Amino acid sequence: MSAPHPETWLTPQPGGLFCAPGGLFIDPVRAVERAVITHAHSDHARPGHGAVLASAATLALMRARMGEVGAGRVQQALGWGERLRIGEVTLWLAPAGHVLGSAQVAVEYRGSRVVVSGDYKRQADPTCDAFVPVACDVFVTEATFGLPVFRHPPAEAEIGRLLDSLRTFPERTHVVGCYSLGKTQRLIALLRAAGWDAPIFLHGALAPMCAVYEACGVALGELRPATVAAKAELVGRIVLAPPAAIADRWARRLAEPVVCMASGWMRVRQRARQGGVELPLVISDHADWGELNRTIDEVGAPEIWVTHGSEEALIHEVAKRGVRGRALRLIGYGEEEA
Amino acid sequence: MIAFAALLERLLFTQGRRDKVRLLRRFFASQPDPDRGLALAAIAGELRFASAKAWLIRDLAAARTDPVLFALSYDFVGDLAETVALIWPDATGTAAPPGLADVVAALEHTPKSLLPDLVGGWLDACDAGTRLALLKLVTGGLRVGATGRLARLALAELSEGRASAGDIEEVWHSLAPPYLPLFAWLEGRGPRPDPAEAPVFRPPMLAHPLEPEDIARLDPAALRAEWKWDGIRVQLVATAGGRRLYSRGAEDISAAFPEIVAAMDFRGVLDGELLVVRDGTVAPFADLQQRLNRKSVGAKLLADFPAAVRLYDLLFDGAEDLRALPFDTRRARLEAWFARTRPARMDISELIGFTMMEELAALRDGARAAAVEGLMLKQAASPYLPGRVKGHWWKWKRDPLGVDAVLMYAQRGHGKRSGSYSDYTFGLWRDDGELVPVGKAYFGFTDRELAFLDRWIRDHTTNRFGPVREVEPALVLEIAFDGVQRSTRHKSGVALRFPRIARLRPDKPAAEADRLDVLLQLIP
Ligand SMILES: [Zn+2]
Ligand SMILES: [Zn+2]
């Protein structure tokens with residue numbers, strides 16, 4: 001007897017992707033009884049679930065974001081490759097390379113395997129484990145940057161542009177807009193690797209996630225709060241702040257700020273001009289067009305399902321290589337970092 | 001080409017006008033001739049290559065990319081040249097990017113059939129930023145947030161006091177790229193270029209919106225009032241060197257209005273409003289639109305949409321410069337000139353008699369005629385001053401019309417709004433209870449409102465057609481607009497002029513939004 005097609009046992013529902021034989025949702029967008037969470041970004045990890053299964057780091061980040069109770073009544077941490085039987089399915093996690101703790105979820109049922117990759121990237125990131133391709137029958141992928149215009153340059157080169165601007169405008173404060181979970185810590189690690197040993201100043205909203213990273217063993221060097229620091233102290237410094245803060249009064253208090261933004265969207269000029277960005281940095285924690293296609297080839301799945309993003313282009317492209325694509329059109333994802 | 005691309009990139013991301021002028025000045029001071037003059041021409045929109053147009057970019061894209069992927073990318077990026085620049089494979093060879101002068105020379109001399117290979121070869125040698133600058137240059141659509149006016153301010157700074165931006169504007173239209181005599185003059189190496197016989201554009205005098213606090217301060221006796229017509233502002237220039245019809249932005253639109261140019265059988269420079277006039281009645285703006293942005297016009301268009309100019313100022317009578325004279329004196333000269341000249345297809349803008357501001361206010365509010373936007377107020381004693389100088393001329397527009405409509409469809413915006421649903425189709429209730437679309441609005445909202453709308457749309461989507469989402473008919477938008485016309489293109493039978501979102505009304509039940517009848521009654 002041939003294996004039942006995964007679309008019979010893993011189905012997109014208003015609450016998220018539901019696996020009936022396991023009785024569980026993956027990254028549900030509303031509170032459910034049993035949830036498997038790929039990573040701690042707010043659009044994937046929502047508060048109020050009953051039992052929550054995730055990597056230890058993801059659970060730690062979730063607790064920091066939503067409190068002990070909000071992160072799930074029963075929390076179970078799973079190490080990479082540790083196999084677990086839930087109902088009639090076997091389930092295990094592999095690193096996704098997106099942010100600290102980010103996982104792909106491999107679900108096996110009656111001889112077929114689906115891998116739900118959550119968000120992922122293939123560029124090197126010193127703050128999290130690198131993506132591991134897992135062979136599967138169906139690969140569930142994001143497509144945030146699923147258009148051929150998105151080609152992220154090496155992040156090190158973009159950091160080089162930031163440091164170059166600091167040398168050109170030593171009297172100005174460089175304030176970089178970046179999301180609190182993942183991008184912030186990656187920027188800090190990249191700056192440290194490029195030899196920037198000076199203290200890095202943080203908007204208050206970014207500090208808690210940095211603390212979790214450090215507790216998980218990711219060294220970030222000297223960090224100082226930017227909100228209480230005197231303006232003069234910030235001359236020639238790097239300040240990191242949430243994207244919403246870089247364009248408002250908070251940033252204007254800084255010394256002649258050069259407003260920078262670190263995001264994959266910065267590749268498109270009109271997007272980069274939004275919010276008065278003067279130095280766009282193309283640094284992303286999502287796979288670009290090339291990475292999406294390479295990954296699909298590497299996992300060798302005959303079929304991909306696209307959760308969110310520019311699904312049309314990606315499905316069109318993989319069809320040329322004989323891969324069947326299906327748009328899940330899950331509502332509620334992709335409204336976070338990029 | 002690299003220095004030029006870097007300049008464009010910096011200009012695009014620089015916010016302050018002063019900083020942009022500084023960037024431009026630094027570029028003009030540091031780059032050699034003829035490159036800087038060619039760059040100046042490109043920024044001022046004076047560089048056009050007859051054979052290189054959007055078709056070239058489309059052809060290149062078609063030759064090198066998958067059409068489906070290209071279309072989807074273009075939909076997202078919102079700009080043809082940028083889409084090609086981003087989607088083009090990165091340079092692998094060792095060829096150096098071409099220089100600006102080489103590009104200009106090659107484009108002028110290369111036959112059309114060889115252009116795709118030529119430009120494609122250049123793109124292969126460039127990075128994404130230079131590819132974009134090159135494509136924008138080739139197709140003549142730079143739009144980098146800098147204009148000829150800004151460039152002339154930078155040139156004025158470069159001249160270190162030898163010339164003001166206004167001085168440069170007066171000689172501008174007698175010069176051609178790469179502007180070697182201009183740079184020589186500005187740098188003190190040559191004489192002022194003489195525009196005497198050339199039909200050059202004169203910087204126009206612009207009005208400020210009248211603010212409520214201005215009204216009390218104005219002395220009605222020292223003020224002149226005219227209707228503000230809903231056409232386009234033009235300058236008519238007729239000299240020994242030729243005749244030109246310019247738009248307010250110094251664009252030469254003579255070719256689109258040959259009947260006006262033919263009627264300019266005089267010597268002088270006049271300021272006026274271009275309108276479509278049938279049997280003495282000014283037609284709605286939509287009629288004038290039929291005539292705009294054309295390189296030539298046929299007999300039918302000339303007959304169906306006859307153009308005319310309503311004159312309101314005389315800048316030069318023959319070669320005599322009247323601009324330093326007070327408005328009243330210029331007006332008397334205009335009337336005398338008109339009585340003497342009697343040009344076809346022209347008349348004089350009527351002065352409205354009044355003694356109190358209240359009378360004007362009543363006139364403005366009553367100004368619902370199809371082609372009147374409100375009033376123009378001018379100080380009787382003011383000279384004709386270039387630019388938007390405060391305290392001389394005011395425009396006093398009538399209040400916009402408004403309806404409460406229901407959001408029906410949303411589409412992702414192009415360009416900077418490509419991430420959010422920012423194009424909105426809204427509708428009104430018909431008597432049979434059906435909601436019919438009456439228009440689209442793309443602006444009028446704040447970033448905060450945009451974020452609210454975007455989220456609301458994602459949460460209330462009932463159907464998706466490609467980039468378009470149909471939403472639950474549950475959100476009321478207060479729409480402001482300037483007029484209503486009949487339209488066969490819309491199911492509702494009406495089209496709004498200049499619709500924009502005045503306010504979001506999430507508090508108002510959709511059933512209480514306006515009925516289509518409200519609009520039908522407003523059709524003039
Ligand atoms: Zn994420
Ligand atoms: Zn996500």
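## A salt bridge between strand S20 and a loop of chain B

B:Asp230 is buried, with a relative accessible area of 9%, in a model that is predicted. Its side chain meets that of B:Arg497 in a salt bridge, with a nitrogen-to-oxygen distance of 2.8 Å. This pair links distant parts of the chain, since B:Arg497 lies in strand S20 (residues 494-497) of chain B and B:Asp230 in the loop between strand S2 (223-229) and strand S3 (232-239), 267 residues apart. The two partners can also be set side by side in terms of cover: B:Arg497 is partly exposed at a relative accessible area of 22%, whereas B:Asp230 is buried at 9%.

## Helix H9 of chain B and its buried arginine

Helix H9 of chain B, residues 128-139, has 12 residues and reaches 17 Å from its first C-alpha to its last, which is close to the 16 Å expected at 1.5 Å a residue. Because 10 of its 12 residues are buried, H9(B) is largely enclosed by the rest of the structure. The buried set includes the nonpolar side chains of B:Leu132, B:Leu134, B:Leu135, B:Leu137 and B:Val138, and B:Arg131 and B:Lys136 also belong to it.

B:Arg131 has a relative accessible area of 0% and is therefore buried. Its salt bridge is formed with B:Asp90, the closest N and O atoms being 3.4 Å apart. Here too the pair links distant parts of the chain, with B:Arg131 in helix H9 and B:Asp90 in the loop between helix H6 (80-87) and helix H7 (100-109) of chain B, 41 residues apart. B:Asp90, for its part, counts as partly exposed at 43% relative accessibility.

## Further salt bridges

Over all chains, a search of the whole structure finds 56 salt bridges. One of them joins the side chains of B:Arg244 and B:Asp252, at 3.4 Å from N to O; B:Arg244 counts as partly exposed at 28% relative accessibility, and B:Asp252 likewise counts as partly exposed, at 40%. In chain A, salt bridges that share partners join A:Lys121, A:Asp125, A:Arg186 and A:Asp285 into one network.

## Helix H3 of chain A

Helix H3 of chain A, residues 183-193, is mostly covered, with 10 of its 11 residues buried. Among the buried residues are A:Leu187, A:Ile188, A:Ala189, A:Leu190 and A:Leu191, together with A:Lys183, A:Arg186 and A:Arg192. A:Arg186 is thus listed among the buried residues of H3(A) and also takes part in the network with A:Lys121, A:Asp125 and A:Asp285. Just after this helix, A:Gly195 takes a positive phi of about 95 degrees.

## Surface patches of chain B

On the surface, B:Arg10, B:Arg18, B:Arg22 and B:Arg26 gather in a patch of positive charge. Helix H2 of chain B, residues 17-30, gives the most to this patch, with 3 residues. B:Arg22 is found in helix H2 and is partly exposed, with a relative accessible area of 36%.

A nonpolar surface patch of about 290 Å² is made by B:Tyr442, B:Phe443 and B:Phe498. Within this patch, B:Phe443 has its place in the loop between strand S15 (435-441) and helix H19 (447-459) of chain B, and at 34% relative accessibility B:Phe443 counts as partly exposed.

Note on methods
Residues are numbered from 1 along each chain as its sequence is written. Chains are lettered from A and ligands numbered from 1 in the order in which they are written. This is a predicted model: local features need pLDDT of at least 70, side-chain atom pairs count only at pLDDT 80 or more; totals for chains, interfaces and linings use all residues. Side-chain values use heavy atoms; hydrogens and water are left out. Patches are made of residues with over 30% relative accessible area and no salt bridge: like charges are joined within 9 Å, nonpolar side chains (Val, Leu, Ile, Met, Phe, Trp, Tyr) within 5 Å. Accessible areas come from the Shrake-Rupley method with a 1.4 Å probe; for residues, only the protein chains shown count as cover. A salt bridge is a side-chain nitrogen of Lys or Arg within 4 Å of a carboxyl oxygen of Asp or Glu. Lys and Arg count as positive and Asp and Glu as negative; His and the chain ends are not counted. The place of a charge is taken as NZ of Lys, CZ of Arg, CG of Asp or CD of Glu. Helices (H or I, at least four residues) and strands (E, at least two) are DSSP runs, numbered from the N terminus. Buried means under 20% relative accessible area, exposed over 50%, partly exposed in between (1.4 Å probe, protein chains only). The expected span of a helix is 1.5 Å times one less than its number of residues.
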